[in-house]
Amino acid sequence: MSDGTQFAAVIVAAGRGERAGGGTPKQWRALAGKTVAQRSVAAFHGKVAQIVLVLHPSEMHRAELFPNAQVVAGGANRAASVLRGLEALEGSDITHVLIHDAARPLVSAQVIDAVKAALAGSAGAAPALPVTDALWRGGDGVVQGTQNRSGLFRAQTPQGFALQAILEAHRAFDGDAADDVEIARAAGLEVALVPGEERNMKLTWPEDFARAEAMLGGEMDIRMGNGFDVHRFGPGDHVMLCGVAVPHDRGLQGHSDADVAMHAATDAIYGALADGDIGRHFPPSDPQWKGMDSATFLAHAVSRAAEKGFRISNIDVTIICERPKIGPHAAAMQARMAEIMELAAERISVKATTSERLGFTGRGEGIAAQASAVLIK
Ligand SMILES: Nc1ccn([C@@H]2O[C@H](COP(=O)(O)OP(=O)(O)OP(=O)(O)O)[C@@H](O)[C@H]2O)c(=O)n1
Ligand SMILES: C[C@](O)(CO)[C@H](O)COP(=O)(O)O
């Protein structure tokens, strides 16, 4: 893929979920603690430069759940909703788009990567599974004939395309289409097949929710990591802690901004990923990191987690010092960490303890911090 390639995702969530029943449209129902739509959107974090989420016009207030997505109102059928999403990307520097059903919340990083990779050699690419059951034609309660299944596939999403080509194909298409591959093919675009996955099922019927819950429960990959860091005091009038400048009669010394608490949090995430530590990704011997805002390090660790298909469940930071007092600043620290990590503040804990005047923290020689992070895929 050339250097100018920029991917976006259009995630369509404007349907009514009539077949799934349950009162609430299926994309707003919870699946192992998160809504279906949140799971689908989270799957694309770190995979694309932009996410467009298409919501039902009566549900635009749900946009607040998706601070990192551009939200547009959908249309009367799936194709109309997709077109609204594609039009939101027109004129941007996006070159390729992955169109995904919000109703497929278990899409994996591998399937997304396979579609992206196939687009290097084809105008379109889509995941699918070969049909394995025998196929019959039936009616009036009896089998009326058999159907050769060779060469037949079950289509999944995300279906990926060159943006301009699929936009034009949608505009030219007249009638009803099952999916975007049908629309692309009607416009003469070639669509490459990539392997789909059983777990990339579409929630369609009431019983599909229990199946998806079972898949999540049985295969959930939970990783835990911890981080620890120390910085010594030196001259200064404030210390940086969790991205907040806390006034103090001393500063913390370090190659970067010496945000000891954010370093511990960052290392906890790298630790959960078995991905080294800050020093490996941002060597102190490299002058470009001198005085660096530690938010850069934390954002990098968060994006590494997303690239590997993990979401951060929660993080817990403990700052160890006699002074400055952390309590009055803890809420601001939590809010700043939430902003950098693009995570709900309720999943971030910032607390502090003294060491009862014992040891180097007790003597006021420096500040220590430790953190734990839990990542889930
Ligand atoms: N007007 C529509 C119809 C469908 N979709 C989206 O297209 C995807 C696949 O459609 P489907 O499973 O058929 O969803 P629904 O239309 O919601 O389901 P039903 O047909 O059972 O009402 C879903 O993520 C759905 O939200 C959409 O964005 N806009
Ligand atoms: C797009 C799709 O999910 C690919 O399998 C499918 O075509 C949607 O079909 P539906 O009839 O709208 O459920």
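The open sheet here has five strands in the order β16-β13-β19-β17-β18, with mixed pairing; strands count as paired if DSSP finds at least two bridges between them. At the edges sit β16 (251-252) and β18 (348-353), each pairing on one side only. Helices (H or I, at least four residues) and strands (E, at least two) are DSSP runs, numbered from the N terminus.

This is a predicted model, where local features need pLDDT of at least 70, side-chain atom pairs count only at pLDDT 80 or more, and totals for chains, interfaces and linings use all residues. Residues are numbered from 1 along each chain as its sequence is written, while chains are lettered from A and ligands numbered from 1 in the order in which they are written.

Back to the sheet. Strands β13 (residues 222-234) and β19 (residues 366-376) run antiparallel and are joined by eleven bridges. Look for F228, which stands opposite Q370 in β19. Helix α10 (residues 330-341) packs on the sheet, touching β17 and β18, and its direction makes about 145° with that of β18. Helix α7 (residues 260-272) lies across β13, β16, β17 (311-320) and β19, at about 155° to β13. Those angles run from 0 to 180 degrees between N-to-C directions, using axes fitted to C-alpha atoms, for helices over the stretch in contact.

Now for Q253, found in the loop between β16 and α7. Q253 is partly exposed because 13 other C-beta atoms lie within 10 Å; 20 or more would make a residue buried and 12 or fewer exposed, with C-beta atoms placed from the backbone. Leaving aside neighbours within four places in sequence, Q253 is in contact with H231, R232, G234 and A258, contact being C-beta atoms, placed from the backbone, within 7 Å. V230 is 23 residues away from Q253 in sequence and 9.9 Å away in space, C-alpha to C-alpha.

Then come the ligands. A residue belongs to a shell if its C-beta atom, placed from the backbone, lies within 6 Å of the molecule. Ligand 1 is surrounded by 22 residues, with V12, A14, G15, R19 and S81 the closest. Elements giving two or more residues to that shell are β1 (7-13) and α2 (78-87). Around ligand 2 you'll find R78, D101, A155, Q156, T157, A178, D179, K202 and T204.

| Shell | Nonpolar | Polar | Charged |
|---|---|---|---|
| Ligand 1 | eight residues | eight residues | six residues |
| Ligand 2 | two residues | three residues | four residues |

Here Ala, Val, Leu, Ile, Met, Phe, Trp, Tyr, Cys and Pro count as nonpolar, Asp, Glu, Lys and Arg as charged, and the others, Gly among them, as polar.

Note on methods. Contact = placed C-beta atoms within 7 Å.
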